Amino acid sequence: MKSHAAADAMVCSKFLANRRKARLVDQERRLLGRLPSHRTTDFAMIAVDVSRNGTVPIERVIYSVPSRLVGRRLHAHLCDDRIDLFLGPDKVMSRQPA
């Protein structure tokens, strides 16, 4: 029976703490502005040349690309979780960073 009473007390204290935090969150929401209608740029962009071996150097790491891109200049979008490679406006491939 003791553990049941302790669990009830813990639930009650969490409820009161959440209620106090809810008031603070409501106050902060009133001060927040509207979000922009479009996302901001969340990547870095660099231009890379495809070598005759079909590779591109990105941040001191060599990545292989399709051989049809040899001699072309690609634009690399360096996101946190991936690297997207573009030939002009066309996305030609996406890789996980090494």
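User: A salt bridge is a side-chain nitrogen of Lys or Arg within 4 Å of a carboxyl oxygen of Asp or Glu. By this rule, how many salt bridges does the count come to?

Analyst: This is a predicted model, in which local features need pLDDT of at least 70 and side-chain atom pairs count only at pLDDT 80 or more, while totals for chains, interfaces and linings use all residues. Residues are numbered from 1 along each chain as its sequence is written, and side-chain values use heavy atoms, with hydrogens and water left out. Under the salt-bridge rule the count is 5.

User: Which elements make up the protein, and in what order do they run from the N terminus?

Analyst: Helices (H or I, at least four residues) and strands (E, at least two) are DSSP runs, numbered from the N terminus. The protein has 1 helix and 6 strands. The order of the elements is α-β-β-β-β-β-β.

User: What share of the 98 residues is buried?

Analyst: Buried means under 20% relative accessible area, exposed means over 50%, and partly exposed lies in between (1.4 Å probe, protein chains only). Of the 98 residues in the protein, the buried share is 19%.

User: How much area does the protein expose, and what part of it do carbon and sulfur atoms supply?

Analyst: Accessible areas come from the Shrake-Rupley method with a 1.4 Å probe; for residues, only the protein chains shown count as cover. The protein exposes about 8,300 Å². Carbon and sulfur atoms supply 54%.

User: Which residue meets R29 in a salt bridge?

Analyst: Look within helix α1, where both partners lie 3 residues apart, about one turn of the helix. R29 is exposed because its relative accessibility is 57%. Its partner is partly exposed, at 39%. The N to O distance is 3.8 Å, and the partner is D26.

User: Which residues are joined into one network by salt bridges that share partners?

Analyst: D84 and R82 meet in a salt bridge at 3.0 Å, N to O. K91 also bridges to D84, with the closest N and O atoms 3.5 Å apart. Shared partners join these residues and one more into a network: D81, R82, D84 and K91.

User: Is D84 buried or exposed?

Analyst: Two of its partners are partly exposed: R82 at 31% relative accessibility and K91 at 48%. The relative accessible area of D84 is 4%, so D84 is buried.

User: Which residues does H77 touch, leaving out those up to four places away in sequence?

Analyst: H77 lies in strand β4, residues 73-78. H77 is buried because its relative accessible area is 15%. Contact means heavy atoms within 4.5 Å. The residues touched are F43, A44, M45, R82, I83, D84 and F86.

User: What separates the C-alpha atoms of R95 and S64?

Analyst: R95 sits in strand β6, residues 90-95. With a relative accessible area of 30%, R95 is partly exposed. R95 touches Y63, S64, R82 and I83, not counting residues up to four places away in sequence. R95 and S64 are 31 residues apart along the chain, and their C-alpha atoms are separated by 9.8 Å.

User: Among contacts between residues at least 6 apart in sequence, what share joins residues at least 24 apart?

Analyst: The pool is limited to pairs at least 6 apart in sequence. Within that pool, the share joining residues at least 24 apart is 33%.

User: What is the phi of E59?

Analyst: Most residues other than glycine have a negative phi. E59 is in the loop between β2 (55-58) and β3 (61-64). E59 is exposed because its relative accessible area is 62%. Its phi is positive, near 50°.

User: What is the phi of R60?

Analyst: R60 is found in the loop between β2 and β3. At 86% relative accessibility, R60 counts as exposed. R60 is not a glycine, yet its phi is positive, at about 65°.

User: Which residues form a positive surface patch?

Analyst: Patches are made of residues with over 30% relative accessible area and no salt bridge; like charges are joined within 9 Å, nonpolar side chains (Val, Leu, Ile, Met, Phe, Trp, Tyr) within 5 Å. Lys and Arg count as positive and Asp and Glu as negative, with His and the chain ends not counted, and a charge is placed at NZ of Lys, CZ of Arg, CG of Asp or CD of Glu. One member, R20, lies in helix α1 (residues 2-31) and is partly exposed at 49% relative accessibility. The patch is formed by R19, R20, K21 and R23.
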